[in-house]
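Subject: Structure handover

Hello,

Here is the structure we discussed. Please open it alongside this message; my notes follow directly below.

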Amino acid sequence: MEKVKRKASSKKRSRKKKNTALTVAVRTLKVFGTLALSLFLIIIITGSIFVTVLTIYVLNFAETDDVITIDKVTATSNISRFLYENPDYDPEDPDSSQFLLYYGLTNNARRSVWVDLSEIPTYVQDAYMAAEDERFMEHDGVDFKRTFASIVYTLLGRTQGGSTITMQTIKNLTHEDSRSGIEGVERKIKEIFRAINVEKKYTKDDILQCYLNIIGLGDGWQDIVGVQAAANYYFGKDITQIDIAEAASLAAITKYPVDLNPRTNLENNRDRQQWILGKMLELGAITDAEYEYAMNEELVITGDPDFQSREDPDAEEIANQGMTSWYMDEAIDEAVMRISERRGISTEDAKTELYSGGYNVYISIDVDMQEKVEKEMQDNSNFQSYPFNEDELQSGFICMDYQGNVKAVVGKRTKKDTWDEFNNATDAERSPGSCIKPIASYAPAVEQDLLTYSTLSNDKPIDLPKGDGTTEKWPVNYSDTGLSENWSYKNLYTWQMLMRSLNTLPAQLIEKMTPEYSYNFLKEKLDISTLYESDAYYAPMTVGALTTGTKLKELVGAYMIFGNGGKKYDVTFVNRITNTQGDVIYEKNDGYKQAISESTAFVMNKMMQKVVTESIGTGRYAKLRNTQLAAKTGTSNEWKDLSFVGVTPDYVSGVWIGYKVQEQIPTTQYQNIGAIWKNIFGDIAETEQHHEFTMPSTVAEMNYCTKSGLIASERCTSTEVGYYKRTNIPETCSGSHFS
Ligand SMILES: [Zn+2]
């Protein structure tokens, strides 16, 4: 009774408030209604945007016919092979290979040995399917139920397996990182399309075979790839000898190798192994008796990284190949740089990938030339005038063809004894001295028609402004006794100025063109990368007194324009790189910069031949018997650096000598720099395929009057042969000579 009463009274109270309550309720409903409607619209709009974006993504990936190749050799290779073109390759001979192995890079911590599926016990295959993808034999590459869940997890910022064996295979082959968020979804969608394509092209057995050979099973200490290497490493057995318990233990590793491997985390491994055995029983892959036996088996873990029942056919050769050569060091650096650029990854990651194997890197080395110049560089008699106990003088040598493909490089005079050692041809920045003249002053001046082969110029200094408003007579010429004011004030032909390496004409040309012009020419057209703002001045551009110097590789690279019609190609060691998939990820293009015209290049070449052929030419000691040579010597201030760059019909090459800590080279104790170049490279140059440069039709060979330097007329009594750009042929001499 009491209860009812109380209820009745409360009813009374509420009736009193009925009107106000109703208003509140209606208001609240209205607010909720608007909210619900807004929410509904937001969901619809967001949903539409999401679906549109997703559709664009999907269409984007669906369009690319993205088929992954499941290749036996490259998929498991521990080796990145550096290959060179076989000079004796015979396309008619089936035993002849177009490319030969120069060097193999391996990651010693990575173990991987290919086995065919027929050699992998069925219960190993079953264990993996039970653990990773129980519907593998039924689906078309994608298990949509699990994939959807996986995409949701990925969007929530978590990564979750959910990939089929097909998708995991693709992920392992492409090395594409699993990321969360939109990027992760993007990768996932790509993976779905690739998986469907792979399933169309390959059988389930092909895919499973590839998967079992490339799956990562390392314990964090050793990089174990594939079931054969894992059976070797964890159980000291060949995969054919593995039993059911061990098979399930291997399959248990896959999900989180470091946490679930049987060597360092046996208990964790056992938990998942037992779950897998249960799953195998459930799927009918093993009998009750096999299950019971495996559950009670005590695993024996060996953890022997050196146990290997099968070898890569190249493994022994690669194990005995010794240290990298000078060439290999450069090729590795370039390959890492190209992979990093093409894949958009750091150089550290690119290096790790390259050392993990599977790449083919095609290099432009001439193996015979490399061997020969290494030998010559180690022969003291090629450098010293007579035997003495002084071998601290350093040297570097490099040779390339006229597309900038490096054929040989040597970094010092003694045997290379460390990996990635400092290289005097590619790392050292040293003064090029007068070797800068052809590229900084003569070539751009001939290009601008400031002078011709036989223009007469006066051997006199320029008035160089000093900071205080006054000027000084500059520069002095070199002489046998050092630097002196030995200006002759004589008129000399352009080729004579160059042949004698006088400093005055280059200074006059730099004055006309401005130092900035030459600086930009070297930097932009000839790819000299070691120039500083302080180098855009007279002394650096006239006599090569640069802030740090040039790398011999770049100096020689710049000279290629004098042998190939003015074209500047990139200097490279690597022509092409293919990845584990056999896809070309880098190929050197045949692009070049036309630094100077073909005619300027040939006129320069002819003037530089005089450096060698004239009896007082600075490069006379390099003169060859059978092969034309255009060249320039370079001597830096106080004889601290001596350089020689030689341009022969097939190659451009150069040598540098100097001390590590810069000091004067006792030239009386050493051979002339031209002779040193010839000692190292002369034999090769004499046997080049071509022995002469070809004169282009844009150049005219004409007689000039030795009195005026102009084109000789019938009245001129003394003439010489000169070479002229057809667009800039000098006037004809009047024949009225004063002398
Ligand atoms: Zn004349």
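Strand β6 (residues 394–400) runs antiparallel to β7, and 4 bridges join the two. This is in a predicted model. In the pairing, Ile398 stands opposite Val409 of β7. The two strands form a hairpin, with 5 residues between them. Look at Gly404 in the turn: its phi is positive, at about 80°.

β7 covers residues 406–410, and 5 of its 5 residues are buried, so the rest of the structure largely encloses this strand.

**The sheet around the hairpin**

The hairpin belongs to an open sheet of 5 strands. The order is β7-β6-β20-β19-β18, and the pairing is antiparallel. β7 and β18 (630–635) stand at the edges; each has a single partner strand, so one side of each lacks a neighbour in the sheet. Neighbouring strands are turned against each other by 10° on average, direction ignored.

At the β18 end, β18 pairs with strand β19 (residues 641–647) in the antiparallel sense, over 6 bridges. Ala630 stands opposite Val647 of β19 there. Helix α23 (residues 552–559) packs on the sheet. α23 touches β6, β19 and β20 (652–658), and its direction makes about 145° with that of β20.

One general point for when you look at side chains: in a regular strand they alternate between the two faces of the sheet.

**Pairings of β15**

β15 (residues 574–578) has two pairings to check. Strand β5 (residues 360–363) pairs with β15 in the antiparallel sense, over 4 bridges. Ile363 stands opposite Val574 in that pairing. Strand β16 (residues 584–587) also pairs with β15 in the antiparallel sense, over 3 bridges. Here Thr578 stands opposite Val584 of β16.

**Helix α4 and its cover**

Helix α4 (residues 122–132) is mostly covered, with 9 of its 11 residues buried. Among the buried ones are Tyr123, Gln125, Asp126, Tyr128 and Met129. What covers them? The cover of the buried α4 residues includes α8 (204–214), α9 (227–235), α10 (244–253) and α12 (266–282).

Take α12 in particular. The axes of α4 and α12 come within 9 Å and cross at roughly 100°. That angle makes the two helices roughly perpendicular. On the α4 side, the contact uses Asp126, Ala127, Ala130 and Ala131. They meet Ile276, Lys279 and Met280 of α12. By class, the residues of this contact divide into 5 nonpolar, no polar and 2 charged.

**Helices α18 and α21**

Helix α18 (residues 436–447) packs against helix α21 (residues 515–525) at an angle of about 105°. Their axes are 9 Å apart. The pair is therefore roughly perpendicular. Ile439, Ala440, Ser441 and Pro444 of α18 meet Tyr517, Ser518, Phe521 and Leu522 of α21. This contact has 6 nonpolar and 2 polar residues, and no charged ones.

**A loop residue: Leu502**

Leu502 sits in the loop between α19 (494–499) and α20 (504–513). Is this residue buried or exposed? Leu502 has 22 other C-beta atoms within 10 Å, so it counts as buried; the cut-off is 20 or more.

Which residues does Leu502 contact, leaving aside its neighbours within four places in sequence? They are Asp459, Asn477 and Met497. Lys437 is another residue to locate: its C-alpha atom is separated from that of Leu502 by 9.8 Å, although the two are 65 residues apart along the chain.

**Overall counts**

The protein chain has 739 residues, and 43% of them count as buried. There are 25 helices and 22 strands in the chain. Of the contacts with a separation of 6 or more, 71% are between residues 24 or more positions apart.

If you have limited time, go to the hairpin of β6 and β7, then to the contact of α4 with α12.

Best wishes

Conventions. Residues numbered from 1 in each chain as written. Predicted model: local features only at pLDDT ≥ 70, side-chain atom pairs only at ≥ 80, totals over all residues. Buried ≥ 20, exposed ≤ 12 C-beta atoms within 10 Å, placed from the backbone. Contact = placed C-beta atoms within 7 Å. Pairing = 2+ DSSP bridges. Axes fitted to C-alpha atoms, helices over the stretch in contact; angles between N-to-C directions. Parallel < 35°, antiparallel > 145°, perpendicular 65-115°, else oblique. Nonpolar A, V, L, I, M, F, W, Y, C, P; charged D, E, K, R; others polar.
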